[in-house]
Amino acid sequence: SDGLLETRDAHGEMFGQTRLQEVFARLAPRGPEATATGILEAARAFGTATDDLTVIVCQRMVGYPGIL
């Protein structure tokens, strides 16, 4: 959600899209649950959220029966 991107540190800097992409790239190999948890932890460690924080991470299951 935008609350995640708009989380601000003590200097007013936002967590932002670039930081989210960096955190995602680092955590994605660990799977969706660890990635979602890690993103929320990174945002909370970065600063204070003034809005809700919602993260959904999906995993594409290539070759799984019934999945294109």
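**Exercise 1.** In this predicted model, find where D52 lies relative to helix 3 (32-46), and decide whether D52 is buried, partly exposed or exposed.

*Solution.* Step 1: D52 is placed in the segment after helix 3, which spans 32-46. Step 2: The relative accessible area of D52 is 41%. Step 3: Buried means under 20% and exposed means over 50%, with partly exposed in between. D52 is therefore partly exposed, at 41%.

**Exercise 2.** Name the residues that form a negative surface patch.

*Solution.* Step 1: Asp and Glu are the residues that count as negative. Step 2: The patch consists of D2, E6, D51 and D52. Step 3: A patch residue needs over 30% relative accessible area, and D52 has 41%.

**Exercise 3.** Which residue forms a salt bridge with E13, and how far apart are the closest N and O atoms?

*Solution.* Step 1: Side chains of opposite charge can pair when their charged atoms come close. Step 2: The partner of E13 is R19, and their closest N and O atoms are 3.3 Å apart. Step 3: The cut-off is 4 Å, and the count of salt bridges comes to 1. Step 4: E13 is partly exposed, with 44% relative accessibility; R19 is also partly exposed, with a relative accessible area of 25%.

**Exercise 4.** List the residues of the largest nonpolar core, then say which helix gives the most to this core.

*Solution.* Step 1: The core has 9 residues, namely L4, F15, L20, V23, L27, I39, A42, A43 and F46. Step 2: Helix 2 (16-27) and helix 3 are the elements that give two or more residues to this core. Step 3: Helix 3 gives the most, with 4 residues.

Terms used: Residues are numbered from 1 along each chain as its sequence is written. This is a predicted model: local features need pLDDT of at least 70, side-chain atom pairs count only at pLDDT 80 or more; totals for chains, interfaces and linings use all residues. Side-chain values use heavy atoms; hydrogens and water are left out. Patches are made of residues with over 30% relative accessible area and no salt bridge: like charges are joined within 9 Å, nonpolar side chains (Val, Leu, Ile, Met, Phe, Trp, Tyr) within 5 Å. Accessible areas come from the Shrake-Rupley method with a 1.4 Å probe; for residues, only the protein chains shown count as cover. A salt bridge is a side-chain nitrogen of Lys or Arg within 4 Å of a carboxyl oxygen of Asp or Glu. The place of a charge is taken as NZ of Lys, CZ of Arg, CG of Asp or CD of Glu. Buried means under 20% relative accessible area, exposed over 50%, partly exposed in between (1.4 Å probe, protein chains only). A nonpolar core is a set of buried Ala, Val, Leu, Ile, Met, Phe, Trp, Tyr and Cys residues joined through side-chain atoms within 4.5 Å.
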